[in-house]
Amino acid sequence: MRFEQTFMNFILQHQERHNRTYHFVILLDAIISAAKHIQHYYLTGALKGNVGLAGGVNVQGEDVMRIDQIAQEITIHYLGSCGRVIHAVSEETKEIIPINTEGGRYFVYFDPLDGSSNVSHGLPVGFLFGIAKRNLDGPEDGHLRAGKDYRAAGMFVIPTGTFTLALLDSGTWRFHIDETMNFVKPIQVMLPEHTRSWELSFNEANRCAFAERVQAWIAEKERKYTFRYLGALAGDFHRILSNGGLFMYPAIVNHANPEKNRPKGKLRLMYEAAVVAFICREAGGDAVDEAGTPILEIQPEEPHQRTALYVGSKPLVDDIAQILRG
Ligand code: AHM
Ligand code: MG
């Protein structure tokens, strides 16, 4: 029989190689447990009548929770029980969530169910997270860290059973869930240098509302590359990581209805944009915002801050960044 290396074996070896503690492994184990649980709910929730509008009731007359609320509850449970988390920031909760404020070591920024418009179609959604570490050598300096201070970032594409994890200065790795519900077979992901498979990924319906210089850039590039868009960041970015190219969610500045403009972009910095930017950097790519500023350099001022996002193969990010800065 042939056995694949499990995630746990991979991460324990990584920690030992770098003379690190096991606290981080315990935290990752909690995050993986949450992701498996969310995936289980995703796959069975419709049958149980759990997936529906919050405030509704199912056929048994029980209260129905939306799956994004279920995902939130599951994740907070596991982050709490692992004992290693000081504070968490979640897309699903307005305030910063205190967890183990005395004994914790890490800050976790997460979106437990990103791209929820895909749920009713049974199509992929994402569970995205970034991890930063407490300042162990002195007084704590606050918990809103820029992406460059993350120690790790990852994403699960639910319910496909793929997990991508980037470790600071140690690369980006992809795992697949097996029949025993273990994530196995680490494969290091590097963005391809050749341009044959490159893709562009953005919501075409917004195109006329992008800044003119962004529209002109797309018009110049679009014939060279193929185009894909799922509408869930984890799924779209998963493809870019494998095939190369550029995912973008630019600022909306020219909407026919000015009230619908989003000059700061749509995606959230701490648990969406910085997560994929970190994963991308460890895979040899890069990411910038609408001003051409590296996403990982942006110091968040509030937990749910939005940003425009251009993330993917370095030559394309460099190219658009030059235009955005100009
Ligand atoms: P959400 O956090 O409300 O689910 O929105 C985030 C999602 C991303 O996963 C995706 O990239 C983007 O929104 C799609 O937005 P749009 O439907 O405007 O194209
Ligand atoms: Mg989201």
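**Close-ups of a predicted model**

**View 1. What sits around ligand 1.** By class, the shell here breaks down into three nonpolar, four polar and four charged residues around ligand 1. Everything shown in these panels comes from a predicted model. The residues around the ligand are Glu 91, Asp 114, Gly 115, Ser 116, Asn 203, Gly 231, Ala 232, Leu 233, Asp 236, Tyr 249 and Lys 266. Both domain 1 (7-189) and domain 2 (195-325) chip in residues to this shell, so ligand 1 lies between the two.

**View 2. The eight-stranded sheet, end to end.** Read across, the strands of this open sheet go E2-E1-E3-E4-E5-E6-E7-E8, and the pairing is mixed. At the edges stand E2 (97-98) and E8 (183-189); each has a single partner strand, so one side of each is left without a neighbour in the sheet. As a reminder of what holds such things together, strands of a sheet pair through backbone hydrogen bonds, either parallel or antiparallel.

**View 3. Strand E1 and its two partners.** Strand E1 spans residues 85-90 and pairs with E2 in the antiparallel sense, over two bridges. Zoom in on Ala 88 and you'll find its bridge partner in E2, Ile 97. The E1 and E2 strands make a hairpin, with six residues between them. With E3, E1 pairs in the parallel sense, this time over five bridges. Here Ser 90 has Phe 110 of E3 as its bridge partner. How many of E1's six residues are buried? Six of the six are, so to speak, tucked away: E1 is mostly covered.

**View 4. Helix H3 against the sheet.** What does helix H3 touch as it packs on the sheet? The helix, residues 67-82, is in contact with E1, E2 and strand E3 (106-114). Its direction makes about 155° with that of E3.

**View 5. Val 189 and its surroundings.** Val 189 has its place in strand E8, one of the two strands at the edges of the sheet. Is this residue buried or exposed? Val 189 counts as buried because 21 other C-beta atoms lie within 10 Å, and the cut-off for that label is 20 or more. Leaving aside residues up to four places away in sequence, Val 189 touches Thr 164, Thr 172, Trp 173, Arg 174, Leu 241 and Ala 283. Take Leu 241 from that list: Val 189 and Leu 241 are 52 residues apart in sequence, with their C-alpha atoms 7.2 Å apart in space.

How values were computed
Residues numbered from 1 in each chain as written. Chains lettered and ligands numbered in written order. Predicted model: local features only at pLDDT ≥ 70, side-chain atom pairs only at ≥ 80, totals over all residues. Pairing = 2+ DSSP bridges. Helix = DSSP H or I, 4+ residues; strand = E, 2+ residues; numbered from the N terminus. Contact = placed C-beta atoms within 7 Å. Axes fitted to C-alpha atoms, helices over the stretch in contact; angles between N-to-C directions. Buried ≥ 20, exposed ≤ 12 C-beta atoms within 10 Å, placed from the backbone. Near = placed C-beta within 6 Å. Nonpolar A, V, L, I, M, F, W, Y, C, P; charged D, E, K, R; others polar. Domains from an automatic or database assignment.
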